[in-house]
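Q: I would like to practise reading strand pairing, helix burial and salt bridges from a model. Where should we begin?

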Amino acid sequence: MRARRYKQEYRGQVIDLFTIGVLAKAIGRTPQAVLKQVMAGFVPETPFLKRRRDNAPLRLYTKGMIEAVRDVVTEIGMRSIRTDKRDKMHAAIVEKWRGQGIEVGTPIDVVDPGTEADDPWQAAV
């Protein structure tokens, strides 16, 4: 699988960022399924956004953010995502991201054009 990896300075450190496809692979879903879960409020919106040519946001995640989502999905389960799980899942992910120092709800524009990565999931874990 070919994908792009991005770098961004954040809180005095340069961090690696990965696409929603890498997150999807980590939790055994398609990128479209993860996007639906973001839009429905199960998974919080990432603060790391890169504008594509069509001005649509490319959602990017740190290794720690991906691991947090994976942990919560493993704990709560995603076989049947019901609305009653939405708030619990969202809150658990936000808590883990904030524990990593990620400012949820504050958009950060990523300007790095990205580099090719042969196996982005292996690079992320």
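A: This is a predicted model. Begin with strands β3 (residues 48-51) and β4 (residues 57-61), which are joined by four bridges and run antiparallel.

Q: What lies between β3 and β4?

A: Five residues separate the two strands, which form a hairpin. In the turn, asparagine 55 has a positive phi of about 70 degrees. As for the pairing itself, proline 57 in β4 stands opposite arginine 51.

Q: Which way does β5 run relative to β3, parallel or antiparallel?

A: Parallel: β3 and β5 (residues 108-109) are joined by two bridges. Phenylalanine 48 has isoleucine 108 in β5 as its bridge partner. β3 is thus a strand to read twice, once against β4, where the direction is antiparallel, and once against β5, where the direction is parallel.

Q: How should I read burial along a helix?

A: The general idea is that an α-helix has 3.6 residues a turn, so residues three or four places apart point the same way. In this structure, helix α1 (residues 20-27) is mostly covered.

Q: How many of the eight residues of α1 are buried, and which are they?

A: Seven of the eight are buried. They are Ile20, Gly21, Val22, Leu23, Ala24, Ala26 and Ile27.

Q: Which residue follows α1, and what is the sign of its phi?

A: Glycine 28 follows the helix, and its phi is positive, near 70 degrees.

Q: How do I read a salt bridge, and how many are there?

A: The test is a side-chain nitrogen of Lys or Arg within 4 Å of a carboxyl oxygen of Asp or Glu. By this rule there are six salt bridges. One of them joins the side chains of glutamate 45 and arginine 59, at 2.7 Å from N to O. This pair links distant parts of the chain, 14 residues apart: glutamate 45 is in the loop between α2 (31-40) and β3, and arginine 59 is in strand β4.

Q: Is arginine 59 buried or exposed?

A: Buried means under 20% relative accessible area, so arginine 59, at 11%, counts as buried. Glutamate 45 is partly exposed, at 33%.

Q: What are the N to O distance and the exposure in the pair of aspartate 87 and arginine 86?

A: Their side chains meet in a salt bridge at 4.0 Å, N to O. Exposed means over 50% relative accessible area, so aspartate 87, at 56%, is exposed. Arginine 86 has 28% relative accessibility and is partly exposed.

Notes: Residues are numbered from 1 along each chain as its sequence is written. This is a predicted model: local features need pLDDT of at least 70, side-chain atom pairs count only at pLDDT 80 or more; totals for chains, interfaces and linings use all residues. Side-chain values use heavy atoms; hydrogens and water are left out. Buried means under 20% relative accessible area, exposed over 50%, partly exposed in between (1.4 Å probe, protein chains only). Two strands pair if DSSP finds at least two bridges between them.
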